[in-house]
Amino acid sequence: MTGAIDRVKQLNPSRFNFIADPDATVDGFLAHEAATVVPEAVTGTKDAVDDEGNPEYQGIDQSKLVPLLTAALKEAITSIETLEAEGQALKNT
């Protein structure tokens, strides 16, 4: 997997309240926004309603974000290690 950092930068973590529990604030992602970056993690359709007009909410399988986050972390570690090596090389000259 390449370009993971660029994809992670597209995710927009948010603090929000669910309609069903307005007193509980949670950290997470808005499904329709996350779907543009990690579509396999999102179920449902934005603003969908059933035949009776009731909302059919989207959901996110957070575990499907883990591979992307791990790849981004590995890219970041590689960059850090490269910068550390370059810094050490400069220090040794």
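**Exercise 1.** Determine which residue forms a salt bridge with Arg15, and where the two partners lie.

*Solution.* In this predicted model, Arg15 forms a salt bridge with Asp27, the closest N and O atoms being 2.5 Å apart; a salt bridge is a side-chain nitrogen of Lys or Arg within 4 Å of a carboxyl oxygen of Asp or Glu. The pair links distant parts of the chain, with Arg15 in strand 1 and Asp27 in strand 2, twelve residues apart. Residues are numbered from 1 along each chain as its sequence is written. Because the model is predicted, local features need pLDDT of at least 70 and side-chain atom pairs count only at pLDDT 80 or more, whereas totals for chains, interfaces and linings use all residues, and side-chain values use heavy atoms, with hydrogens and water left out.

Next, consider accessibility: Arg15 is exposed, with a relative accessible area of 59%, and Asp27 is exposed as well, at 56%, where buried means under 20% relative accessible area, exposed over 50%, and partly exposed in between (1.4 Å probe, protein chains only).

The structure holds two salt bridges; the side chains of Asp47 and Lys46 also meet in one, at 2.8 Å, N to O.

**Exercise 2.** Describe how strand 1 and strand 2 pair, and place Ser14 within this arrangement.

*Solution.* Strand 1 (residues 14-18) and strand 2 (residues 21-28) pair in the antiparallel sense over five bridges; helices (H or I, at least four residues) and strands (E, at least two) are DSSP runs, numbered from the N terminus, and two strands pair if DSSP finds at least two bridges between them. The two strands form a hairpin with two residues between them, and Arg15 stands opposite Asp27 in strand 2.

Ser14 lies in strand 1 and is buried, with a relative accessible area of 18%. Leaving aside residues up to four places away in sequence, Ser14 touches Val26, Asp27, Gly28 and Leu30, contact meaning heavy atoms within 4.5 Å.

**Exercise 3.** Identify the residues that touch the most other members of the largest nonpolar core, and the element that contributes its largest share.

*Solution.* Of the 13 residues in this core, Leu11, Val38 and Leu68 touch the most other members; a nonpolar core is a set of buried Ala, Val, Leu, Ile, Met, Phe, Trp, Tyr and Cys residues joined through side-chain atoms within 4.5 Å. Helix 2 (31-34) and helix 3 are the elements that give two or more residues to the core, and its largest share, three residues, comes from helix 3. Finally, Val38 touches Arg7, Lys64, Leu65 and Leu68, not counting residues up to four places away in sequence.
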